[in-house]
Every structure is written in structure tokens, then in C-alpha cells.
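Biologist: I'm new to this one. Could you show it to me and explain the words as we go?

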Amino acid sequence: MNSHVPTTQEAKKGRLSVAALTSRFYYSRPAWVDGTSQFANLVKNYLRPEYRILDLGAGSGKKGPVNFRGEAHTVVGVDCDSHIRNNTWIDHGVLGVAQDLPFRAETFELIISDWAVEHFAQPEAIASEVFRVLKPSGLFAFRTGNIRHYSYAIAAVTPHWFHRLVANRVRGLPPDEGAPHPTHYLMNTREAVRKCLSGVGFEERELVMVEPEPSYLMFSVPSFLLGLAYERLVNGVTQLSGFRACILGCFQRPPSSGRNP
């Protein structure tokens, strides 16, 4: 495989577009797996057909969720946004907030959270609620951004009105649908994840750092090449894994937690 990162001059001479470069260095690589598929595969390693799943922060379902409907007994979605009623990737939608989940203790075998952790203003309280509604040996699997990555470091200091302006354009949603919630990035490093979840009693099963294609830098050839160089660097040097873009985790409530839900 040709791993040479072309210079801007080489790209211009070959009249390579961002789409062509993306295909060359990502989509056409047999070993390449996009971030959504990596998260789906992580969940599927633990998923059983009899499981009741809670999708925490399920939203409208139009943001490109990981879909497990039909692979589990029931998929329940919870979100504070009324657009959850339009979500076709879940069996039941419930309006609610993560820090006070409207479910009985020990209801679910698996809770997933795809691109929601960064919105947690009270991560310890939410982690405690997740722990409460999970059955003993139940699993909490999530995907979120790493604040040490350039894209999320910039997002953390960018005003919320700007997020609202650009988010739906990037995701191809109507202006009045799926407006982003405020981000807090309080549980968005490996260390913060471990501290928060172990603090309420969870045990770590997997915690993986992933650097996918530079999707936030695909607006021009030069920016794409910078992102490509960064991706090859942090994926090629184990010591730099803490600077990869995404955190994929799976934590387990112990079989006997020793605490009353």
C-alpha cells in the first residue's frame, strides 16, 4: 500500500480533489474501517438478542446513529428533545434527561451513548444514573470526542451560536431540526472517563482511542493533507494515541455491586 502523503503541489499537479484523496487514502484501503463501524463492532461484541438496550441521547435518528433495532429484544431511546418521536431506529422513544432517567432500577442489559457524552454537564450524576438502571453485569458503551484532539479543542473554545450555525450544514439537516445541544467536554479524555466511571462503581472492559479520516478538514486539499499527516502520525506512534479524535469505551456494572440502586 502506498502510504506516501502527497504535498499540495503534487496534489495540484495530479488534479486531485478532496474526494479523490479520501478515496485513495481511506475508502479504497481494504483495512480501513470508519469510526461509526468501529463503534458498532465494539457494541456487537457484547450484544445479545435477548438484551434490552437504552440509547442515551438518541435524538431524531437523523444524525447517523448506530442502529441495533432488530438485533436486540427492545431498543428504547431517551432524549430531552421532542424530535425523538421521529426516530425510526428505536422501538420506543421517551422524553427525559440523563441525570434523572425515567426508568426503574436494573432495567437494561446494555446502554449505548453515541456522541452524547460531550454534552453531559453533570457526568458523575449521569454515570450514577446509568449504573442504577443497568442490571448487574450490564454494559455501558459509548463514543465521544477527545478534548486533546485539535477538532474538539477548537470546538471547546468556540461559541455555541457558531456550533448551531454550521452543525446542520455539515449533517445535511433542516435549520430547525436537530440543533446541537451545548457541549461541556467534562468526560472527554481517557483519564476523565476512567475517573468518572470507576468512581460510581463501573469496571473497564474496553477503552479505545480512534483517529479516523480527517472529516473536519475536507473543505480543501491543503487542509485535508494536514489532517492526513496528523492521522498518520497519531495512528503510527502508540505514545501519541492520547491525541486521537474519538474515545470508544465499554464499561461494566459488576455482577454484584454491593450498593443499592
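Modeller: Sure, starting with a definition: buried means under 20% relative accessible area, exposed means over 50%, and partly exposed is in between (1.4 Å probe, protein chains only). This is a predicted model, where local features need pLDDT of at least 70, side-chain atom pairs count only at pLDDT 80 or more, and totals for chains, interfaces and linings use all residues. Residues are numbered from 1 along each chain as its sequence is written, and side-chain values use heavy atoms, with hydrogens and water left out.

Biologist: Why is Gln99 called partly exposed?

Modeller: Gln99 has a relative accessible area of 36%. That value falls between the two cut-offs, so Gln99 counts as partly exposed.

Biologist: What does Gln99 touch?

Modeller: Contact means heavy atoms within 4.5 Å. Leaving out residues up to four places away in sequence, Gln99 touches Gln122, Ala125, Ile126 and Glu129. Gln99 and Gln122 are 23 residues apart in sequence, with 7.2 Å from C-alpha to C-alpha.

Biologist: And where does Gln99 lie?

Modeller: In the loop between strand 3 and strand 4. Helices (H or I, at least four residues) and strands (E, at least two) are DSSP runs, numbered from the N terminus. The protein chain comes to eight helices and seven strands.

Biologist: What makes strand 3 and strand 6 edge strands?

Modeller: Two strands pair if DSSP finds at least two bridges between them. The open sheet of seven strands has the order 3-2-1-4-5-7-6, with mixed pairing. Strand 3 (92-95) and strand 6 (203-210) each pair on one side only, so they are the edge strands.

Biologist: How do you know that strand 4 and strand 5 pair?

Modeller: They share six bridges, in the parallel sense. The rule asks for at least two, so strand 4 and strand 5 pair.

Biologist: Why does Arg244 have no salt bridge?

Modeller: A salt bridge is a side-chain nitrogen of Lys or Arg within 4 Å of a carboxyl oxygen of Asp or Glu. Lys and Arg count as positive, Asp and Glu as negative, while His and the chain ends are not counted. For buried Arg244, the nearest side chain of opposite charge, Glu211, is 6.7 Å away, so the salt-bridge rule is not met.

Biologist: What does the side chain of Arg244 reach, then?

Modeller: The backbone oxygen of Met209, at 3.4 Å. Arg244 itself is found in the loop between helix 8 (221-236) and strand 7 (246-252).

Key. A polar contact is a pair of N or O atoms within 3.5 Å; within protein, one must be able to donate a hydrogen and the other to accept it, and residues adjacent in sequence count only if both atoms are side-chain atoms.
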